[in-house]
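Please open the model in a viewer and keep the sequence at hand. The stops below proceed by selection, each followed by what is to be found there.

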Amino acid sequence: MIQFSIVVPTLNEAGNIDSLLTRLLAVEFGEDSFEIIFVDDGSTDGTPDKVRAWKSRANIHLIERREKPDLTASILTGAATARSDVIVVMDADLSHAPEHLPAIITPVLHGNYDVSIGSRYVKGGSTENWPWYRRLLSRAGGWIARPLCDVNDATSGFFAFRRELAASISNQAHGYKILLELLMANQGKLRVTEVPICFRDRTQGTSKLSLSHQQAYVQRLITLAGGTATLNTAGRFALVGLSGALIDAFIFHWMISHDAGLALAHFASFFVAAITNYTLNSKWSFREHHAGYLKWHQFGRFLTVGALALLLRGGVLALLVYAWHVPPLLAIFPAIVVTAAVNYLGSAFYVFPSEKDLPSLEIRWRTAAIGIVLFAIMLRLVYSGLAQLIPDEAYYWQYAQHMDLSFYDHPPMVAWLIWLGTAILGHNEFGVRIGALLCGSITLGYLYALAQNLYDKSTAMRTLLLLAILPLGFGSGLLMTPDAPLVAAWAAALYYMERALIAGRSSAWLGMGIAFGAGLLSEYAIGLLVIAALVFIISDPVARHWMKRPHPYLAALLALALFSPVLIWNYENGWASFVFQFDRLVNVSRHFAIHHLIFHILVLLTPIGFAAAVLALFPVKRSDNRQFEHRRQLFIQIFTLVPFFFFLSVSAFDAPHFHWTIPLWLAVLPAIAWMIGQTGHISTFVKRIQASWRLTIIACIFAYAFVLHYVVLGIPGIPYHLFTEHYFWRETADEIKQIAAEVKQQTGQEPIIVGMSKWAVASALYFYTHGEKLDIRSRNMFGDSGAMYEYWLPSQEPSNRPIIQVGMKRRHLEKIRSKTTDVTPMLDNPGSIEYRVIERYGTPVRRVYYRISQGFKGAS
């Protein structure tokens with residue numbers, strides 16, 4: 001009885017037929033247990049005659065195709081004539097060793113798997129006698145397909161599958177990688193295994209692989225992912241784009257030459273070019289995929305893609321002009337290229353998606369996740385070095401200028417990261433923020449791994465999408481505050497906790513100790529995970545055995561060892577940091593502020609994200625694997641709700657900080673991502689939440705791009721009146737330097753500049769006057785709290801040097817100590833409070849208030 005059929009496509013392989021059949025018939029399976037079907041695509045070297053010579057000796061068949069040679073068509077033809085339910089595909093050139101056949105076919109024959117792949121890229125697999133460029137091309141082909149098809153070697157030509165699966169392959173399938181078609185057509189429905197093989201390059205004949213095959217592979221992969229990128233559409237798009245680029249550049253040059261601002265010029269030129277491009281693309285470039293007339297939903301998508309491309313382009317333009325000092329008339333051209341790439345991919349996958357081979361919902365979500373996450377990363381990379389520091393970041397930069405084992409109000413990790421970044425990249429915005437970008441990447445990696453362990457790869461990719469677009473993830477991955485390393489350490493701790501408590505891996509406790517120690521060096525809030533872990537161990541019968549094992553206690557000792565710099569600093573400074581944090585919890589204002597906490601959560605998660613989090617924490621639908629689901633759900637609930645209830649209880653008595661709850665939502669993001677992909681019997685409310693995510697994603701990513709463009713280049717027609725009293729410190733510092741120079745010229749003495757806030761004003765002025773050697777102090781000079789400035793610059797004795805008070809608001813110059821203490825009596829002959837309007841590129845952006853006194857009498 002025939003158990004499986006081997007399909008061997010051939011094209012001029014006469015020199016390999018005898019050796020191939022000799023080795024195939026020598027494998028441990030009996031000759032009557034399988035058949036060999038050769039499908040020849042028009043060989044001219046006598047390959048069919050070689051096969052016919054063997055037909056009398058075994059179950060060997062020959063099919064001669066007369067159509068255009070195509071590997072996929074040949075294999076499907078062979079599978080259609082097979083007499084068994086299991087098909088094996090292999091090459092005729094002996095690059096696939098027949099001796100590997102039993103290992104590949106057995107998993108499918110036994111019913112354990114639907115597809116078994118001979119893989120070069122799993123442990124034990126290898127490639128021999130290939131030149132480096134062939135290895136690179138093969139690896140690249142696997143890498144670009146892996147996010148969509150979940151295997152390491154999607155370009156393998158040696159695999160076995162159940163014959164019925166061939167019916168799912170699209171009629172549009174073509175090319176030389178039928179395995180990709182098979183996997184993509186049945187995404188999420190297959191049990192797939194990869195068996196290591198040694199791939200050896202052919203010794204006889206010539207390879208059929210050419211550049212056209214590589215192009216066809218990439219093109220087909222894009223089509224299977226839901227795009228309409230073909231050589232035809234790409235060529236037409238390029239021609240349309242070239243005409244649009246010429247229009248764009250011409251209008252931009254004309255407006256710049258007529259003294260229009262950079263933002264106005266690039267907005268106007270883009271809009272004219274975009275309208276032209278849309279008309280031509282809808283009527284011509286993508287005409288083969290669509291009706292060719294305007295559809296309103298496509299026009300809305302076109303506006304979305306165009307707006308995002310425009311806002312990203314503004315960052316590229318600003319980077320070239322302001323950071324790299326490229327003349328605007330030259331900078332516009334690379335900016336146009338970036339815009340064209342975003343527009344083309346957005347058009348191919350979103351504005352004019354494939355309608356013939358519409359991929360599954362799961363594939364569409366994966367494609368969306370890849371595109372949006374990459375766009376979010378590009379936004380961060382482009383704008384992180386352009387957007388000015390917020391005062392918080394400038395304050396932590398001050399940490400790095402006074403390096404120590406720890407600090408009064410925060411552990412040292414943020415200072416260490418800023419010190420390293422600025423040591424390598426210089427004292428600029430990108431040097432400060434590179435640590436946040438790295439921490440954001442670490443968070444992405446650990447959260448992806450956590451979601452894949454709890455659910456599956458599709459859920460993991462949607463989790464990355466959520467982390468990239470929700471404010472809690474985008475902000476913590478951009479701004480260099482203690483939240484950046486805390487979120488990274490929290491994500492790592494969750495991953496290792498899941499591996500230890502649910503997967504039962506004792507080695508995970510080592511990672512847990514390191515992650516928890518790094519978290520303690522970032523913010524003490526990560527200690528809440530210890531409470532959550534203890535609650536889980538007590539609640540989960542399977543995990544209770546860890547209480548009797550040494551691993552958790554060794555992990556705690558490791559974390560404590562990593563935390564030792566903070567302990568040493570506190571010991572040397574009277575436990576000041578611990579006392580400060582304890583006072584924040586005990587000496588509260590008794591002000592009910594739970595509504596503030598809820599508002600902050602709605603901002604961090606968005607309203608849709610908050611509703612989804614509630615549904616994910618308290619689900620109704622249950623799966624068949626009750627025990628695993630129960631433990632998974634318990635893990636998510638405890639590691640989310642234990643920290644949440646702590647912050648909720650604190651908010652009942654004191655106003656919460658906006659960023660407090662950022663890390664605690666990491667545990668529930670995989671559950672939200674899983675819920676997004678659910679179909680079938682789900683409630684109407686859940687369906688509405690699922691549908692609302694599309695608008696939420698677009699709104700969030702647009703909001704980030706808009707705000708970043710606004711603070712870097714501005715938006716034509718929108719004035720600078722949004723949150724600007726805490727921003728534009730570079731221009732403000734220039735104005736303060738001018739005031740200080742005027743005072744020095746009048747008095748002959750170097751003035752003391754006092755930032756009249758706890759640390760914000762002084763820190764921002766310090767950063768943006770770095771190297772100017774100005775004498776800048778904080779309000780602790782007048783006896784008020786100044787956080788770390790009390791250590792760096794303690795309250796001064798009386799001085800006859802001029803004093804320049806600087807504040808964001810008028811009242812800041814008059815009162816300290818919660819607006820109760822007047823500072824005027826401490827000043828010698830204080831002048832009136834004045835202000836100057838700060839301008840940026842000729843546009844008013846904010847006011848800065850200042851007062852000049854002849855001296856300082858000392859703090860009262």
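Begin by selecting Val7, which stands opposite Val89 in strand 4. The model is predicted. Extend the selection to strand 1 (residues 4–10) and strand 4 (residues 86–89): these run parallel and are joined by 3 bridges.

Remain on strand 4 and display its side chains. Val86 and Val88 point one way, Ile87 and Val89 point the other way, and all are buried. Next, add strand 7 (residues 159–162), which runs antiparallel to strand 4 and is joined to it by 4 bridges. Within that pairing, Val86 has Arg162 of strand 7 as its bridge partner.

Now widen the view to the whole sheet. It is open, has 7 strands with mixed pairing, and follows the order 3-2-1-4-7-5-8. Select strand 3 (60–64) and strand 8 (192–196) to find the edges; each has a single partner strand, so one side of each is left without a neighbour in the sheet. From one strand to the next, the twist averages 20 degrees.

The next stop is helical. Select helix 20 (residues 528–539), which has 12 residues. At 1.5 Å a residue it should span 16 Å, and its end C-alpha atoms are 17 Å apart, which agrees. Which residues of helix 20 are buried? They are Leu528, Leu529, Ala532, Ala533, Phe536 and Ile537. An α-helix has 3.6 residues a turn, so residues three or four places apart point the same way. To see what the buried residues of helix 20 pack against, add helix 18 (483–501) and helix 25 (626–651).

Move on to another sheet. Here 5 strands form an open sheet in the order 11-10-12-17-16, again with mixed pairing. Its edge strands are strand 11 (775–778) and strand 16 (834–840), each pairing on one side only. On average, neighbouring strands of this sheet are turned by 30 degrees against each other, direction ignored.

Within this sheet, select strand 12 (residues 803–807) and strand 17 (residues 843–853), an antiparallel pair joined by 5 bridges. For a single example, centre on Gln805, whose bridge partner in strand 17 is Arg851. Then show helix 28 (residues 729–747), which packs on the sheet and touches strand 10 (752–755), strand 12, strand 16 and strand 17. The direction of helix 28 makes about 130 degrees with that of strand 16.

Finish with helix 29 (residues 760–768). This helix lies across strand 10, strand 11 and strand 12, and runs at about 155 degrees to strand 11.

Note on methods:
Residues are numbered from 1 along each chain as its sequence is written. This is a predicted model: local features need pLDDT of at least 70, side-chain atom pairs count only at pLDDT 80 or more; totals for chains, interfaces and linings use all residues. Side-chain values use heavy atoms; hydrogens and water are left out. Two strands pair if DSSP finds at least two bridges between them. Helices (H or I, at least four residues) and strands (E, at least two) are DSSP runs, numbered from the N terminus. Axes are lines fitted to C-alpha atoms, for helices over the stretch in contact, and angles run from 0 to 180 degrees between N-to-C directions. Contact means heavy atoms within 4.5 Å. The expected span of a helix is 1.5 Å times one less than its number of residues. Buried means under 20% relative accessible area, exposed over 50%, partly exposed in between (1.4 Å probe, protein chains only).
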